[in-house]
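Please find below a short set of comments for your consideration. The entry under discussion is shown first, and the numbered points follow.

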Amino acid sequence: MKILKIDHLGIAVKSIDEGKNFWTDVLGLQLTATETVQEQKVTTAFFPVGESEVELLESTSPDGPIGKYIEKRGEGIQHVAFRVENIEEALAELKAKGIPLIDEKPRRGAGGAMIAFLHPKATSGILVELSQRDEH
Ligand code: ZN
């Protein structure tokens, strides 16, 4: 598997509207895109930082994965995403190594990326996302 870079850090927030000011007003980053991914009950907001991005995640419903995460653990870094060259190949390789996967097959994430999550029990408790985009 070829990992190209840290694609983004996913940060769970109660409100993008309230949470974004630190990233824009204080750090001077730019909010470039927001998108709601209905299947995941989440709205995302992306702030590019050099080669990587910060992704703020706000739940659209208390029973979504981000809503549940915040209820259990509060706001904070929810996942780390690595950009891979070929996500199908990466998942096959991880599966062959016996790594438990949340997504056996890639699915569509925000911004048209193909994404898949590994199970945190394989990674010392960190939720790891793999992401592939057509432009590298
Ligand atoms: Zn993500």
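Which residues does I99 touch, not counting residues up to four places away in sequence?

1. The contacts of I99. With residues up to four places away in sequence set aside, I99 touches L94 and A122. The model is a predicted one, and this pair of contacts should be read as a feature of that prediction.

2. The setting of I99. This residue belongs to the loop that runs between α3 (87-96) and β6 (107-108). Its partner A122 is 23 residues away along the chain, yet the C-alpha atoms of I99 and A122 are separated by 6.1 Å. I99 counts as partly exposed, because its relative accessibility is 26% and the partly exposed class lies between 20% and 50%.

3. Secondary structure. The protein contains three helices and eight strands. Their order along the sequence is β-α-β-β-β-α-β-α-β-β-β. The radius of gyration is 15 Å, close to the 14 Å given by the globule rule for 136 residues, so the protein is as compact as a globular protein of that length.

4. Overall extent and long-range contacts. Taken along the principal axes, the box filled by the C-alpha atoms is roughly 45 × 30 × 25 Å. Of the contacts between residues at least 6 apart in sequence, 52% join residues at least 24 apart.

5. Burial and surface. Of the 136 residues in the protein, 43% are buried. The protein exposes about 7700 Å², and carbon and sulfur atoms supply 52% of that area.

6. Charges. The protein carries 16 positive and 22 negative charges. The mean positions of these two sets are 6 Å apart.

7. Aromatic contacts. How many aromatic pairs does a search of the whole structure find? The search returns one aromatic pair. It is formed by F22 and W23, whose ring centres are 5.1 Å apart; the planes stand at 85 degrees, so the pair is edge-to-face, given that the class requires an angle over 60 degrees.

8. Accessibility of the two aromatic residues. Is W23 buried or exposed? W23 is buried, because its relative accessible area is 17% and the cut-off for burial is under 20%. F22, in turn, is partly exposed, with a relative accessible area of 42%. The edge-to-face pair of F22 and W23 thus joins a partly exposed residue, F22, to a buried one, W23.

Key
Residues are numbered from 1 along each chain as its sequence is written. This is a predicted model: local features need pLDDT of at least 70, side-chain atom pairs count only at pLDDT 80 or more; totals for chains, interfaces and linings use all residues. Side-chain values use heavy atoms; hydrogens and water are left out. Helices (H or I, at least four residues) and strands (E, at least two) are DSSP runs, numbered from the N terminus. The radius of gyration is taken over C-alpha atoms; the globule rule is 2.2 Å times the number of residues to the power 0.38. Buried means under 20% relative accessible area, exposed over 50%, partly exposed in between (1.4 Å probe, protein chains only). Contact means heavy atoms within 4.5 Å. Accessible areas come from the Shrake-Rupley method with a 1.4 Å probe; for residues, only the protein chains shown count as cover. Lys and Arg count as positive and Asp and Glu as negative; His and the chain ends are not counted. The place of a charge is taken as NZ of Lys, CZ of Arg, CG of Asp or CD of Glu. Rings of Phe, Tyr and Trp (its six-membered ring) pair if their centres lie within 6.5 Å; planes under 30 degrees apart count as stacked, over 60 as edge-to-face and the rest as tilted.
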